Amino acid sequence: MDIGEGKPCPLCEGPLASRTLPDTSGDESPMRVTLRGFPVFSCAAPHRYFVGQQVPIWLLNAMVDGELGKIPAGVEKGLLFRKYACGGCGTVLPAAAAETLTYSSALAWKETPGFAIDVTIPVYRCESCGREQARSGPELAKLLPAALVHAFKAAGLKAPG
Ligand SMILES: [Zn+2]
Ligand SMILES: [Zn+2]
């Protein structure tokens with residue numbers, strides 16, 4: 001598919017233009033991902049396309065390799081009976097989340113306009129040191145791909161290629 005500014009939409013042949021996606025969320029319980037100001041190519045219909053074939057994979061990698069690591073997280077322990085320990089002091093975290101927090105990242109694909117991606121997750125407060133954190137970093141990385149796909153689908157963004 002040849003997707004670009006002024007190119008015909010592969011579905012309706014209407015001209016494509018650079019647009020900004022309305023804010024779009026995807027849920028993969030208990031995570032919610034929200035794209036704000038995400039750049040796309042779109043016809044008038046609108047049929048929407050990624051601004052580059054590599055964008056979905058790039059976004060996933062940028063989050064998993066970089067941004068998710070900035071969210072404070074606990075450590076998963078136990079093979080059979082799983083529990084989660086504070087990433088700061090090692091105390092076992094309470095079973096119930098204290099609240100839901102949103103962590104926001106600013107990203108941009110190549111020369112296209114920057115956008116924000118919000119990751120909203122339950123956070124657990126350590127009863128010893130007060131640190132607020134996600135239960136587990138690997139758990140976040142596991143939830144993110146599905147949450148992103150739900151957001152893309154909600155926006156009618158088709159798989160590239
Ligand atoms: Zn179209
Ligand atoms: Zn702690």
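## Helix α1 and the nonpolar core

In this predicted model, buried residues account for 27% of the 161 residues in the protein. The protein has 2 helices and 10 strands, and from the N terminus on these elements follow the order β-β-β-β-β-α-β-β-β-β-β-α. The C-alpha trace spans about 60 × 30 × 25 Å along its principal axes. Of the contacts between residues at least 6 apart in sequence, 63% join residues at least 24 apart.

Helix α1, which covers residues 55-65, has two contrasting sets of residues, listed below.

| Set in α1 | Residues |
|---|---|
| Buried | Val 55, Leu 59, Met 63 |
| Exposed, on the face turned away from the buried side | Ile 57, Asn 61, Asp 65 |

Val 55, Leu 59 and Met 63 are the buried residues of α1. Seen down the axis of α1, the buried residues fall within an arc of 65°, so they line one face of the helix. An α-helix has 3.6 residues a turn, and therefore residues three or four places apart point the same way. The buried residues of α1 pack against β5 (48-50), β9 (115-125) and α2 (137-154).

The largest nonpolar core comprises 37 residues, and those with the most contacts inside it are Val 33, Val 40 and Leu 144. Two or more residues are given to this core by each of β3 (31-36), β4 (39-42), β5, α1, β9 and α2, with α2 giving the most, namely 7 residues. Leaving aside residues up to four places away in sequence, Val 40 touches Arg 19, Leu 21, Arg 48, Tyr 49, Phe 50, Val 51 and Leu 157.

Technical notes. Residues numbered from 1 in each chain as written. Chains lettered and ligands numbered in written order. Predicted model: local features only at pLDDT ≥ 70, side-chain atom pairs only at ≥ 80, totals over all residues. Buried ≥ 20, exposed ≤ 12 C-beta atoms within 10 Å, placed from the backbone. Helix = DSSP H or I, 4+ residues; strand = E, 2+ residues; numbered from the N terminus. Arc of directions from axis to C-beta. Contact = placed C-beta atoms within 7 Å. Core = buried A, V, L, I, M, F, W, Y, C linked by C-beta atoms within 7 Å.
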